[in-house]
Amino acid sequence: MLRVGLTGGIGSGKSAVSARLGERGAVVIDSDLLAREVVARGTDGLAEVVAVFGDEVLTAEGSLDRPAVGRIVFGDEQARRKLEAIIHPRVRARAAEIEAEAPEDAVVVHDIPLLVETGQADKFDLVLVVDVPPEVQVERLTGARGMAEEEAKARIASQASRDQRLAAADLVVDNSGTLEDLDRRVDEVWAELLRTRSGNDAAGHGQDTKG
């Protein structure tokens, strides 16, 4: 098995790369989806969020009111850490369960937006970073997502810098071009992942590919 950590800044197109790797045969574990799953209605995760932050974080239907949670934790590091202490361990536990169910020879891609920020780069055989210049991030966030430019820049600034992500990368996908360019680059990366997995198999299970 080859374990890959996939990350990229907001607006980089990381989800597009994740989807393409899944189409090529990777087992993709999406941390954003798991973060929703572990605090879904009726879970102990949601019960703990309510216990910490109060009933105001619930919708009328009893689900998590994400905008309300966002207002509470935005700009409040202590509140954010309390929320992360509830969600992150559950996400990692669920990701481990999914990985354990994958075939032994799988390429398992953990799609983690804050991989660098949460210090997880050394937990994977390879780190794959989706990279675009900051100006492209701003353009996409203000265009496709309709954010104000100031909000887009603030969201970008709240994450790891481009240089920090690239410093953690073993492989980089430049996603500043066309979709055709992206498909070609993902094909190249997928071939490299398969070669690395084969090298792992030849050298024995559990060998770290990061020199």
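Two strands count as paired here if DSSP finds at least two bridges between them. Keep that in mind as you look at this predicted model, because strand 4 and strand 5 pass the test with four bridges, paired in the parallel sense. One of the places to see this is Asp131, whose bridge partner in strand 5 is Asp174.

Now step back to the whole sheet. It is an open sheet of five strands, paired in parallel, and the order across it reads 2-3-1-4-5. Strand 2 (27-30) and strand 5 (171-174) sit at the edges with a single partner strand each, so one side of each has no neighbour in the sheet. From one strand to the next, the twist averages 25 degrees.

Moving inward from strand 5, you come to strand 4 (residues 126-131), which pairs with strand 1 (residues 2-8) over five bridges, again in the parallel sense. Look for Gly8 here: its bridge partner in strand 4 is Val130.

Go back to strand 5 for a moment and think about its faces. In a regular strand the side chains alternate between the two faces of the sheet. Strand 5 has Leu171 and Val173 on a covered face, while Val172 and Asp174 are on an uncovered one.

What lies across the sheet? Helix 1 (residues 14-23) does: it lies across strand 1, strand 2, strand 3 (107-111), strand 4 and strand 5. Against strand 1, helix 1 runs at about 155 degrees.

Next, find helix 5 (residues 77-101). At 1.5 Å a residue, its 25 residues should span 36 Å, and the end C-alpha atoms are 35 Å apart, which agrees. There is still a kink of about 30 degrees in helix 5, centred on Glu84. At the N-terminal end, Asp76 acts as the cap, with a side-chain oxygen 3.3 Å from the backbone nitrogen of Gln78.

Which residues of helix 5 are buried? They are Ala79, Leu83, Ile86, Ile87, Val91, Ala95 and Glu99. An α-helix has 3.6 residues a turn, so residues three or four places apart point the same way. The buried residues of helix 5 pack against strand 1, strand 2 and strand 3, and also against helix 2 (31-37), helix 3 (44-53) and helix 4 (66-73).

Val91 leads us on to Ser31, a residue of helix 2. Leaving out residues up to four places away in sequence, Ser31 touches Val91, Asp111, Ile112 and Pro113. Is Ser31 buried or exposed? Its relative accessible area is 13%, so it counts as buried, the cut-off being under 20%.

Ile112 turns up again beside Gln120, which is in the loop between strand 3 and strand 4. Setting aside neighbours within four places in sequence, Gln120 is in contact with Arg92, Ile112 and Leu115. The Gln120 side chain also makes a polar contact with the side chain of Thr118, at 2.8 Å. Although it belongs to a loop, Gln120 is buried, at 8% relative accessibility.

Finally, take a look at Glu149 in helix 7 (residues 149-157). With a relative accessible area of 41%, Glu149 is partly exposed. Beyond its neighbours within four places in sequence, Glu149 is in contact with Val138 and Thr142. If you want to place Glu149 relative to Gly13, the two are 136 residues apart in sequence and 18 Å apart in space, C-alpha to C-alpha.

Key: Residues numbered from 1 in each chain as written. Predicted model: local features only at pLDDT ≥ 70, side-chain atom pairs only at ≥ 80, totals over all residues. Heavy atoms only, no water. Helix = DSSP H or I, 4+ residues; strand = E, 2+ residues; numbered from the N terminus. Axes fitted to C-alpha atoms, helices over the stretch in contact; angles between N-to-C directions. Contact = heavy atoms within 4.5 Å. Expected span 1.5 Å × (residues − 1). Bend = angle between axes of the 7 residues up to and from the residue. Buried < 20%, exposed > 50% of the residue type's maximum accessible area, 1.4 Å probe, protein only. Polar contact = N/O pair within 3.5 Å; in protein donor to acceptor, adjacent residues only side chain to side chain.
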